[in-house]
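Thanks for making the time this morning. I would like to walk you through one model, beginning with how far it can be trusted and then turning to two of its strands.

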Amino acid sequence: MKRLPWIFAAAVPLSAMGIAALLLSGRLSFPRAFAANAAAAPQATEPIPALTPFVDEHTHFDFDEKDPEGAVRAALSALGRENAAMIVFQISPDTFDHPGHYDAEILLAAVKKHPGKLAITGGGGTLNAMIVQSAATGDAGPAVRKKFKERAEELLREGVIGFGEMTAEHFDGATPYQYAPADHPLFLLLADIAAEHNVPIDLHMEAVPQDMPLPAGLKSPPNPPRLHANIAAFERFLSHNPRAKIIWAHLGSDNTGYRTVELDRRLLLEHPNLYMEIKTDPRAPGLNYPMTEDGKIKPEWLKLFNDFPDRFVIGSDQHYPEPKGQDRRWQEAVLLFNQLPAGVRKKIGTENVAALYGSSVAPYLRAAKN
Ligand SMILES: [Zn+2]
Ligand SMILES: [Zn+2]
């Protein structure tokens, strides 16, 4: 999650019928309707589905206690519209101090009713909070480690398919500013647990190659005036257990300017257990955006996807129910996805997700027609 405009908008649950009605009435718009002529009045278009099935492997739900399964219904109804084979919910990285923090249990039972269509990771609201707390107090002793391991294993027993969304550097937004060293002892422990159980870790981390001031445009407080270098620590995390699969979230949503093609390429070359999620938000494109103004993949990013076709997945950060009146993150990701060569699209769409998450999703994805 990020400091993005949707956090200021009321997340009004939309029924499938409501969405259809809005589409028919032309009140929903999609990003490339604006691209041809930004000065022209917005022109509504039908959503453009993926050319071949894909998994949106990083989404969120806006929980409504009056309608606890609303997010599940919204995601299920989106599958066909997007041509998504599956949607994976992640738990926003959060802290114990933040009122209303939650973890996978809040939606797990409802998600588990739809195997092969929906899945959920866990730990964002508890394991991540424990890491942030431990980084602040300096206590990563045996008692803390024991509690952390027990919680991680509890989540897996309950049925989460991976650990996420964790963070090492997260700007203030829907959840507070958070920092922990990417090689914190609890991150290393989590890598060992993830490797043992063959599940991935999803990590949100702004790229900070060296200590630097907070980028212009971000407020301090609530963010700190300076940021800690994190790439070297991230590489120690990656190297700690080569069998732990780490997904670096939000390629395409760079808030520091350092998530470059060159950095991603070097890390992919040097760390075979590193994967990346593609997120493209037309409302907040950030720096190093992989698409041009008119919606074409930039050649240097296309070359990266082609050079490492086994290492990327789509993780749009879409919220369900879809926030009303906003461009869809999933739509922009699909517009990028649709430009990939067929063989690369097949891998990024479903095969890489099957490889990452193994038996909990692979049998279902084999059935998806590419
Ligand atoms: Zn995130
Ligand atoms: Zn997220």
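Let me start with residues 1–43, where pLDDT stays under 50, and where the model nevertheless has 69 contacts beyond four places in sequence. This is a predicted model, and I will therefore leave that stretch aside, given that local features need pLDDT of at least 70. For the protein chain as a whole the mean pLDDT is 89, with 88% of the residues reaching 70 or more.

As for the general makeup, the protein chain has 370 residues, of which 47% are buried, and its secondary structure comes to 13 helices and 13 strands. If we take the contacts with a separation of 6 or more, 80% of them are between residues 24 or more positions apart.

The first strand I want to discuss is S1, residues 54–61, which is mostly covered, in that eight of its eight residues are buried. Which strands does S1 pair with? One partner is S2, residues 84–89, which runs parallel to S1 and is joined to it by four bridges; within that pairing, valine 55 of S1 stands opposite methionine 86 in S2. The connection passes through helix H3, residues 70–82, and together S1, H3 and S2 make a right-handed β-α-β unit. Another partner of S1 is S13, residues 318–320, again parallel, this time over three bridges, and here threonine 59 has glutamine 318 as its bridge partner.

Let me now move to S5, residues 163–170. Is this strand enclosed or open to its surroundings? Eight of its eight residues are buried, so S5 is largely enclosed by the rest of the structure.

Its pairings are worth taking one at a time. S4, residues 122–123, pairs with S5 in the parallel sense over two bridges, and glycine 123 stands opposite glycine 164 in S5. S7, residues 201–205, also pairs with S5 in the parallel sense, over four bridges, and in that case the bridge partner of threonine 167 is histidine 204. With S6, residues 178–179, the sense is antiparallel, and two bridges join this strand to S5; there, histidine 170 stands opposite glutamine 178.

To return to the main point, then, S1 and S5 each have eight of eight residues buried, and the caution I would attach concerns residues 1–43, where pLDDT stays under 50. I am happy to take questions.

Definitions and conventions: Residues numbered from 1 in each chain as written. Chains lettered and ligands numbered in written order. Predicted model: local features only at pLDDT ≥ 70, side-chain atom pairs only at ≥ 80, totals over all residues. Buried ≥ 20, exposed ≤ 12 C-beta atoms within 10 Å, placed from the backbone. Pairing = 2+ DSSP bridges. Right-handed = clockwise from strand over helix to strand, strands pointing away. pLDDT = per-residue confidence, 0-100. Contact = placed C-beta atoms within 7 Å.
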